[in-house]
Amino acid sequence: MANPNLSDRGGFGSKFGIIAAAAGSAIGLGNIWRFPYVAGQNGGGAFLLINLACIVLIGISLMLSEFVIGRRAQRNAYGSFKKIAPGTPWYLVGFMGVVAAFVILSFYSTVAGWTMEYVYQSFANGFAGKSPDGLKFMFEEFMGDSWRAVIWQVVFMILTAGIVLAGVKKGIEKYAKLLMPILLVLILILCIRAITLPGAVDGLEFLFKPDFSKVNGRVILEALGQAFFSLSIGMGALITYGSYISKKDNLTSSAVIVSFADTLIAILAGVAIFPAVFAFGINPAEGPELVFITLPNIFLQMPGGYYFSIFFFVLLAVAALTSSISVLEVVVAYFVEETGLSRKNATWIAAVSITAIGVLCTLSQGLVPWLNIGGMNLFDIMDFSSAKILLPFGGFLIVLFIGWVMKPADVRAEISNDGKLKLPLFKVYLIIVRFVAPVAIALVFLYSIGVIG
Ligand code: PHE
């Protein structure tokens, strides 16, 4: 029983550090790469509205629930369920999170690799003189030659493993604190450039004017999946981070601030991208390459665009890094605490095996087209199964656990720091985790597979 890895767990150093680390996990490619392309494929305005409803009604409470479970148990995601509900199969939810980490990070590192290629292209002035079609061709050519993408992916995974190795305070927290605020400023500047482009209004209308005739079961599931993916909920990343939060910190305000910041960045990314999509005649339903063919067009239209693009893609890579470390940390904390591996071995075993699957995802986009099932390549399968199956299902089980398995008095004690904080909305929260969230997630599932509606 006496596993020395359980007593010296490390933890975040300050309130701002926790918010920065959790926001670092939440804010990443999900906001800047995934949100615009999924919104574009699902009709824009109405998608955004449903996505916001999912965040407010389910997302924030689920984030708080993950913090509660982690901080109560002081364990990794798997160990937390085991400790709070011993002798029950709930630990399987934690185990599912470890599986989800493999799935997410395998395709996430592919996209992070694209970001790094674009850092390189920015330095090399590779966008200069290209037309919108030329920039699209440039990205497609890069994807077709996927060895290049594989090399960047491996570099990215080495960086991720390096930071996770450095541990919670020195690695994760330090980087997140410094870089997240800079990213926000850069996106704001990009927004200003985008909305002053000719024809910007069409893009803003696309993003903000809901057209409910475009809504169907698939759109709702996409909006729910995007909310989960972007907030980093449903797979235990925030249970793991929650376990590093000090007993003195306010979990509710942390969850609210992080959810708000995450949503703000996604909307700002939309405001930067859609006006440019319409101004440059790009198809909003272009898919995963949307951001990579839109942003270089904006940079070419900006004074100082050369430097700006370097700065921007570097920060995007960093945002991806602060997210990917939270995913890897789920697996590493599990290995360290449940199997007694050293942090170093756990990190390398996890990183190498995830990279191996990730390389297959990257190759499935170009060089090895037979890596697909029923018309979806491996990359799409990983993206689909994490956002639309694993995370909502994991989230469903987590709210059931907090609402029906944990004792309300324990949940209350954890959220109120043993009675020190007032909780005027505790009843509302209980109603959400007991009824609203599980029913809503179940309905979305049934509706999207056509069982109802
Ligand atoms: N939320 C991250 C992003 O938006 C991705 C992520 C998903 C991180 C799930 C952790 C867990 O980029």
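**Helices, loops and a surface patch**

Serine 309 is placed in helix H14. In this predicted model, the relative accessibility of serine 309 is 2%, and because buried means under 20% relative accessible area, the residue counts as buried. Leaving aside residues up to four places away in sequence, serine 309 touches Ser122, Phe127 and Phe299.

Helix H14, which covers residues 305-339, also appears among the partners of another helix, H15: the buried residues of H15 pack against H5, H7, H14 and helix H16 (378-405). Helix H15 runs over residues 343-363. Its 21 residues should span 30 Å at 1.5 Å a residue, and the end C-alpha atoms are indeed 30 Å apart, so expectation and model agree. Which residues of H15 are buried? Starting from the beginning of the helix, they are Ala346, Thr347, Ala350, Ala351, Ile354 and Thr355, followed by Gly358, Val359, Cys361, Thr362 and Leu363.

Helix H6 can be read in a similar way. It holds 13 residues, 132-144, and reaches 19 Å from its first C-alpha to its last, close to the 18 Å expected at 1.5 Å a residue. Its buried residues are Leu135, Met138, Phe139, Phe142 and Met143. Because these cover an arc of only 130 degrees around the axis, they sit on the same side of H6. On the other side of H6, Asp133 and Phe137 are exposed. And what do the buried residues of H6 pack against? Their partners are helix H5 (91-123), helix H7 (146-166) and helix H13 (290-300).

One residue of H6 deserves a closer look. Proline 132 lies in this helix and has a relative accessible area of 31%, so it is partly exposed. Not counting residues up to four places away in sequence, proline 132 touches Phe280 and Asn297. Serine 253 offers a contrasting case: it is 121 residues from proline 132 along the chain, and the C-alpha atoms of the two are separated by 43 Å.

The loops bring two residues with an eye-catching backbone angle. Asparagine 125, in the loop between H5 and H6, has a positive phi of about 60 degrees although it is not a glycine. Aspartate 418 is found in the loop between helix H17 (408-415) and H18, and its phi is near 55 degrees, again a positive value in a residue other than glycine. Are these two residues buried, partly exposed or exposed? Asparagine 125 counts as partly exposed, at 43% relative accessibility, whereas aspartate 418 is exposed, with a relative accessible area of 62%.

From that second loop the chain can be followed to helix H18, residues 426-448, which contains leucine 446. The relative accessible area of leucine 446 is 34%, so this residue is partly exposed. Leucine 446 also belongs to a nonpolar patch on the surface, which it forms with Val439, Leu443, Tyr447, Ile449, Val451 and Ile452. Together, the residues of this patch have about 610 Å² of accessible area.

Key
Residues are numbered from 1 along each chain as its sequence is written. This is a predicted model: local features need pLDDT of at least 70, side-chain atom pairs count only at pLDDT 80 or more; totals for chains, interfaces and linings use all residues. Side-chain values use heavy atoms; hydrogens and water are left out. Patches are made of residues with over 30% relative accessible area and no salt bridge: like charges are joined within 9 Å, nonpolar side chains (Val, Leu, Ile, Met, Phe, Trp, Tyr) within 5 Å. Accessible areas come from the Shrake-Rupley method with a 1.4 Å probe; for residues, only the protein chains shown count as cover. A salt bridge is a side-chain nitrogen of Lys or Arg within 4 Å of a carboxyl oxygen of Asp or Glu. Helices (H or I, at least four residues) and strands (E, at least two) are DSSP runs, numbered from the N terminus. Buried means under 20% relative accessible area, exposed over 50%, partly exposed in between (1.4 Å probe, protein chains only). The expected span of a helix is 1.5 Å times one less than its number of residues. The arc is that of the directions from the helix axis to the C-beta atoms. Contact means heavy atoms within 4.5 Å.
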